[in-house]
Amino acid sequence: MRVKISVIGAGSWGTTLANVLAEKGHETLLYVYEQDQYVLMLKERRNEKYLPGVPLEPRLQLTDQLQEAFQFADYLVMAVPSHALRSVLERWKGRNVSRKVFINVAKGIENDTLLRMSQVIREVTGVS
């Protein structure tokens, strides 16, 4: 079954996951936060900063627009650092996420609240 997936976060982990998902035939969009990094990745089709020497899968799509990434797919792979997860999710707060499936791949807990990432996702989005 092919699905549409957005990977939020283009560090080494997010880029690797997005590459594998695209290689497996899923329609995959990778959200790149840093503008200069986004431009380089579009031009070079690599993420030399976080994943040197590894070419991006030709079918992997890139965006620097968080709204586009959230709207693109029903499956959202959250590959942002634990300290940034809440602020990323809050940029989407109040919008309909009832049909979204959040898949957290970040390790750790939130510094201020000591919540697990799944708890942060539930608290901000209401999705469990």
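**Burial and cores in a predicted model**

Biologist: How much of the protein is buried?

Modeller: Of its 128 residues, 47% are buried. Please bear in mind that this is a predicted model.

Biologist: And what does the exposed surface consist of?

Modeller: About 7200 Å² is exposed, with 51% of that area coming from carbon and sulfur atoms.

Biologist: Back to the inside. Which residues have the most contacts within the largest nonpolar core?

Modeller: That core comprises 24 residues, and those with the most contacts inside it are I8, F70, M78, L85, L89, F102 and V120. At least two core residues come from each of β2 (27-31), α3 (66-72), β6 (75-78), α4 (85-90) and α5 (117-125).

Biologist: What does V120 touch, beyond its neighbours within four places in sequence?

Modeller: V120 is in contact with L85, R86, L89, E110 and L115.

Biologist: Which residues belong to the other core?

Modeller: Another core, of 17 residues, lies apart from the largest one; A10, L21, Y38 and L56 are among its members. In soluble globular proteins, nonpolar side chains tend to be buried together.

Biologist: Changing topic: in what order do the elements run?

Modeller: There are five helices and seven strands. Starting at the N terminus, the order is β-α-β-α-β-β-β-α-β-α-β-α.

Biologist: Why does the radius of gyration agree with a compact globule?

Modeller: A compact globule of 128 residues would have a radius near 14 Å, and the protein has 14 Å, so the two agree. The C-alpha trace spans about 40 × 30 × 20 Å along its principal axes.

Biologist: Finally, how many positive and negative side chains are there?

Modeller: The protein has 17 positive and 14 negative side chains, and the centres of these sets are 5 Å apart.

Methods
Residues numbered from 1 in each chain as written. Predicted model: local features only at pLDDT ≥ 70, side-chain atom pairs only at ≥ 80, totals over all residues. Heavy atoms only, no water. Helix = DSSP H or I, 4+ residues; strand = E, 2+ residues; numbered from the N terminus. Rg over C-alpha atoms; globule rule 2.2 N^0.38 Å. Buried < 20%, exposed > 50% of the residue type's maximum accessible area, 1.4 Å probe, protein only. Areas by Shrake-Rupley, 256 points an atom, 1.4 Å probe, with all protein chains shown as cover. Lys, Arg positive; Asp, Glu negative; His and termini not counted. Charge placed at Lys NZ, Arg CZ, Asp CG, Glu CD. Core = buried A, V, L, I, M, F, W, Y, C linked by side-chain atoms within 4.5 Å. Contact = heavy atoms within 4.5 Å.
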